[in-house]
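Hello,

Here is the structure I promised to pass on to you. Please have a look at it first, and then read my notes on what turned up.

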Amino acid sequence: MSADPTSQSNYLQIVSEHIDFNWTIDFSKKIVSGSATHTLKVLQSSVKEVIFDTAALDISKVEVDGQTTTFKLGTAHPVMGSALFIALPSIPTVGSHVKVTTFYKTTESCTALQWLDKEQTQGGKFPYLFSQCQPIYMRTLAPAQDTPSVKTTYTAKVSSVLPALMSAVRVAPPQDGPSHDGKVIGKDVVTYTYDQPVPIPSYLIAIAAGNVVHRPFPSIEGKSWTSGVWAEPELIDAAYWEFCEDTARFLATEETIVPPYRFKVYDVLVLPPSFPYGGMENACLTFLTPTLLAGDRSLVDVVVHELTHSWFGNGVTHANATHFWLNEGFTTYMERVLQEKLHSPAARGFSYVLGAKGLKDALKLYEDRPKYQRLIINFEKGEDPDDAYSEVPYEKGANFLLHLERKLGGLEVFLPYIYDYVNTFTGTSITTEQWKTHLYSYFKAHGGEDKIKALDSVDWNAWFYGEGTELPVKMEYDTSLAESAYELAARWDKSRHTAASKLDFKEADIDSFNANQKVVFLQTLETYPPLPSSHIEVLDKIYHLSKITNAEIRLRFYEVALQDPSSAAAKAYAPQALDWVVGEDGTGIVKGRMKFCRPVFLAAGKVDKRLAVKIFEAHKTAFHPIAQKLIEKDLNSV
Ligand code: BES
Ligand code: ZN
């Protein structure tokens, strides 16, 4: 019925082309209620029903072409949810259109949505709501064909007492008018209207509502798109400063490599700290974790990554979870090409160095599930893609493309190919096979025999299906920006037999390091056997690592400190690391980004499982439902 291992919908028989949402947000009941009207095109003869994916929705009524009809909910699958079967009154002809409206309410168990009490926001005055639909949670926001193989346009009317944002172009009220249309924020209902005229996969549908304001970035001459930032008023200055230099500049640079940006608006929204990802490339409106506001623009690479998805993912889309690397591998590869274009070849090499440790860790973590070490993961029907989520598709994918680039003759040859790839597949959803077929045909036409010979010498099987903790090819990078960090780490390693009181290190060792070089220093340290606990104490004291606010650095320090779960250092730092992620460190700010909270709970769980579980249970609701689910799984595994 469905070629997508994570969907029960019958999109190969009848496919959704447009969705019209009509929603009311009720912050006091924590419910979104209303309707979703799909316009579907009939693809096959003798289609008797429409099957949507749903999960945890309270569905009250279904209409087909305006007539109330019967519907049936299948038993809930733990991952895929309940299929919604809607009988068609008559068998439609191939090519005709059917309109199906579902009336429903969300429930407490809708994984896509996190409802925050006012205390959990920056301003502390208004509640907040935001969604996260990737990979398979759109079905908890509305009945849908929840597969990236289906792309729809959408329109929405959202009634809310707080400004409501969606992954679309705002139609009304005007964005440059008064906030909340001049009405009383938190009290008066305003109906927000949105239009997404570009067909997008369901996982890019998104909503956020809260006390947020907008500030445009300086516009770039000759561009028809606009770009700006949304945040709570308390954070808007910091958010604007962090991203105003780079966002539009990187977007414009990307346009020199690939076809023009298609979504008219590229805004970023800085979310409350429980947002479970670093960034999420929702169409027109990238969602960002507030931990990017480091005050030194050192984490803008996340924005570069998300805006790059505008082509790789939002334009050319993976057909289903099995081919997820096409989204993330390409995006990571291109993000680093932009680093080279706007900064230097050394900056590109440095990004690969930064990523290599994460790849190693991810491959190690999956040693008991080697299937998830693969680039192409053949998911069983109903297998949870979140179980396979790791840096493997990002880093293995980016390295694979770098390997191909080098085989084929470097950037000069490879970037025109990338343009052709985007141009050929934008608007569609593809498999790895389709990607590879196009790659061969492009290079047959551009270069012929030699290029085909180069392609034939690639070990496709090893890259696609290889397992283990190494890449199929040993990759060389420009490591010039990493050398001083390597050297300092080696010096610490060599000092392990020196008494802690005699160690010859000083604060100035890292004075010249930028934030990412500090990360590389700590990551490198972690590749050596654990340092004695007394050394870790000195390390912290000299460089103030357990006080640093940059979360990327702080995380790496705790990883070093907790490396040997039975050590005195691990016992000393585990409670502190846990306090840091749950916001009991005096900041009250939870580290909801899973990149930070999951490794800390996991590492601390290995040191003291009872404590980790206790602290998690006490702060569970501060985390997004997706993070709750995954931290729970992690803690059960230790
Ligand atoms: N699309 C992803 C986030 C995602 C992937 C959410 C799969 C749910 C399922 C986003 O583009 C991403 O990769 N975010 C990274 C950013 C980083 C690689 C720069 C993150 O959140 O860490
Ligand atoms: Zn991504």
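**Notes on the predicted model**

Asp361 is partly exposed, and its relative accessible area comes to 34%. Please keep in mind as you read that this is a predicted model. Asp361 sits in helix H5, which covers residues 345-365. Its C-alpha atom is 8.7 Å from that of Glu391, although 30 residues separate Asp361 and Glu391 along the chain.

**The zinc site**

Next, the metal. The zinc ion (ligand 2) is coordinated by NE2 of His305, NE2 of His309 and OE atoms of Glu328, at 1.9 to 2.7 Å. Along the chain, the donors of this zinc ion follow the spacing H-x3-H-x18-E. How regular or irregular is the arrangement of the donor atoms? It is irregular, because the six donor atoms around the zinc ion (ligand 2) subtend angles of 52 to 160°. As for the two histidines, His305 and His309 are both buried.

The helices around here are worth a look too. Helix H3 (residues 301-308) and helix H4 (residues 325-342) have axes that come within 9 Å and cross at roughly 125°. That angle makes H3 oblique to H4. From the H3 side, the contact is made by Asp301, Val304, His305 and Thr308, while H4 brings Glu328, Thr331, Thr332, Met334, Glu335, Leu338 and Gln339. Two of the zinc-coordinating residues, His305 and Glu328, are thus also among the residues in this helix contact. The crossing of H3 and H4 is right-handed.

**Helices H7 and H9**

A second helix pair is set up in another way. Helix H7 (residues 392-408) packs with helix H9 (residues 432-445) at an angle of about 15°, and their axes are 13 Å apart. H7 is therefore roughly parallel to H9. The residues in contact are Phe400, Leu401, Leu404 and Leu408 of H7, with Trp435, Leu439 and Phe443 of H9. Here, too, the crossing is right-handed.

H7 also holds Glu405. Is Glu405 buried or exposed? With a relative accessibility of 5%, Glu405 counts as buried, because the cut-off for buried is under 20%. Beyond its neighbours within four places in sequence, Glu405 is in contact with Tyr333, Arg348, Gly410, Leu411 and Phe414.

**Helix H14 and its surroundings**

Further along the chain is helix H14, residues 533-543, whose buried residues are His535, Ile536, Val538, Leu539, Asp540, Ile542 and Tyr543. Some of the spacing in that list fits a general point: an α-helix has 3.6 residues a turn, so residues three or four places apart point the same way. What covers the buried residues of H14? The cover includes helices H12 (483-494), H13 (515-527), H15 (551-561) and H16 (568-582). Just after H14 comes His544, with a positive phi of about 55°.

**The loop between S13 and S14, and other backbone details**

The loop between strand S13 (169-172) and strand S14 (190-201) has several things to show. Pro173 lies in this loop, and the peptide bond that leads to Pro173 from Ala172 is cis, with omega near -10°. Gln175 is in the loop between S13 and S14 as well, and is partly exposed at 32% relative accessible area. The C-alpha atoms of Gln175 and His214 are 7.9 Å apart in space, with the two positions 39 residues apart in sequence. Leaving aside neighbours within four places in sequence, the contacts of Gln175 are Arg170, His214, Trp230 and Asp267.

His180 also belongs to the loop between S13 and S14. Its phi is near 55°, a positive value in a residue other than glycine. His180 is buried, with a relative accessible area of 1%.

Two more backbone details are found elsewhere. Gln134 and Pro135 are joined by a cis peptide bond, with omega at about 0°, and Pro135 is placed in the loop between strand S10 (128-131) and strand S11 (151-160). Lys264, in the loop between helix H2 (247-254) and strand S18 (265-270), has a positive phi of about 65° although it is not a glycine.

Happy browsing, and best wishes!

Terms used. Residues are numbered from 1 along each chain as its sequence is written. Chains are lettered from A and ligands numbered from 1 in the order in which they are written. This is a predicted model: local features need pLDDT of at least 70, side-chain atom pairs count only at pLDDT 80 or more; totals for chains, interfaces and linings use all residues. Side-chain values use heavy atoms; hydrogens and water are left out. Donors are N, O and S atoms within 2.8 Å of the metal (3.2 Å for Na, K and Ca); water is not among the atoms, so sites may look incomplete. Four donors count as tetrahedral if all angles lie between 85 and 135 degrees; four count as square planar and six as octahedral if opposite donors are over 155 degrees apart and all others between 65 and 115; anything else is irregular. Buried means under 20% relative accessible area, exposed over 50%, partly exposed in between (1.4 Å probe, protein chains only). Axes are lines fitted to C-alpha atoms, for helices over the stretch in contact, and angles run from 0 to 180 degrees between N-to-C directions. Helices (H or I, at least four residues) and strands (E, at least two) are DSSP runs, numbered from the N terminus. Angles under 35 degrees count as roughly parallel, over 145 as roughly antiparallel, 65 to 115 as roughly perpendicular and the rest as oblique. A crossing is left-handed if the near helix is turned anticlockwise from the far one by less than a right angle, and right-handed if clockwise. Contact means heavy atoms within 4.5 Å.
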